[in-house]
Amino acid sequence: MTGSWLDRLTNLGRHFLMGAQHLIYPGCCILCGQPLAAEQTHFCALCYSELFTESESTCPRCAGTIGPFADMDARCLTCRNESFAFEQTLRLGRYDGLLREVVLRLKNQRNEGLAELLGECWAKEAAARFAALHCDVLVPVPLHWRRRWQRGYNQSAALCRGLATYLGMPYYPSWLRRVRHTPQQTSRPTPTERKANVHGAFRARSGAPLSGRSVLLVDDVMTTGATASEAARALRAGGARRVAVAVLARAHA
């Protein structure tokens, strides 16, 4: 988004709330509550390292974990027979341990400031990897208005905003819409059911200047890739030249 007065006011409110939290709990890690060293902010060294250090090799197409000697230019066994509408995927880490706890915290509580902070830190630690995707705009995977109202915010949009802040890239949360309310993907156990569940659920906003754009689609979790692929398909139908994906966590991989 290009920075409306409402965006600026919302950002100011988020930073005020996070500042108030640190006044109430000074010098403590916002995840584990342990005291922070003088040079640390928000996260202790242990939590920061666990969240932002990726030690595994991943498939460049679906971000699934692969062996250290796998061909990085080839599709992995997980996605070899899949037809995705996106070209590449960048992940922060595996959906496990502390990262899993953080993702669940973002989904179940109003943690917009935390989601934005994660985006900024991730972009700082992986700036070169984001640059290698050669995208020019960021678009978050949207929630249906009903779920957005229930949750209070869209965690993917807040994450996207944090990425955009550090990377200096524009983000446009209104360019993609979820036009059909769908049951949560976790209630659909098989890949076929997940694809059917989100089929036709997204649509690019009419008039969005997507033509020729290279879009980085941002979400919190990828499991089978069905949601990201369907969202990417809608962006490409709206004129996007190509779509890459960035997810906080890759599940089942």
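**Helix packing and local geometry in a predicted model**

Trainee: Happy to look at this predicted model with you. At roughly what angle do the axes of helix α4 (residues 112–125) and helix α7 (residues 155–167) cross?

Mentor: Good place to begin! Two packed helices are described by the angle between their axes and the distance between the axes. For α4 and α7, the axes come within 7 Å. Their crossing angle is roughly 40°.

Trainee: Is α4 parallel or oblique to α7?

Mentor: Start from the crossing angle of roughly 40°. Angles under 35 degrees would count as roughly parallel, and 65 to 115 as roughly perpendicular. The angle of α4 and α7 fits neither range, so the word for α4 relative to α7 is oblique.

Trainee: Is the crossing of α4 and α7 left-handed or right-handed?

Mentor: Here the sense of the turn between the near and the far helix decides. As α4 passes α7, the crossing is right-handed.

Trainee: How many nonpolar, polar and charged residues are in the contact of α4 with α7?

Mentor: On the α4 side, the residues involved include L118, W122 and E116. They meet α7 residues, among them L159, L163, Y166 and R161. Sorted by class, the contact has five charged, four polar and nine nonpolar residues.

Trainee: Let's move to N197. Is N197 buried or exposed?

Mentor: N197 lies in helix α8 (residues 191–198). Leaving aside neighbours within four places in sequence, N197 is in contact with R180, T182, P183, Q184, Q185 and R188. Its relative accessible area is 7%, and the cut-off for this class is under 20%, so N197 is buried.

Trainee: And H42: what is its phi, and is H42 buried or partly exposed?

Mentor: You will find H42 in the loop between α1 (5–24) and α2 (45–52). Phi of H42 is near 70°, a positive value in a residue other than glycine. With a relative accessible area of 22%, and buried meaning under 20%, H42 is partly exposed.

Trainee: Where does H134 lie, and is H134 buried or exposed?

Mentor: H134 also has a positive phi, near 55°. H134 lies in the loop between α5 (127–131) and β4 (137–140). Its relative accessible area is 60%, and the exposed class starts over 50%, so H134 is exposed.

Trainee: Finally, what percentage of the contacts with a separation of 6 or more comes from residues 24 or more positions apart?

Mentor: The chain has nine helices and eight strands. Of its 253 residues, 47% are buried. Among contacts with a separation of 6 or more, the share from residues 24 or more positions apart is 74%.

Definitions and conventions:
Residues numbered from 1 in each chain as written. Predicted model: local features only at pLDDT ≥ 70, side-chain atom pairs only at ≥ 80, totals over all residues. Heavy atoms only, no water. Axes fitted to C-alpha atoms, helices over the stretch in contact; angles between N-to-C directions. Helix = DSSP H or I, 4+ residues; strand = E, 2+ residues; numbered from the N terminus. Parallel < 35°, antiparallel > 145°, perpendicular 65-115°, else oblique. Contact = heavy atoms within 4.5 Å. Nonpolar A, V, L, I, M, F, W, Y, C, P; charged D, E, K, R; others polar. Buried < 20%, exposed > 50% of the residue type's maximum accessible area, 1.4 Å probe, protein only.
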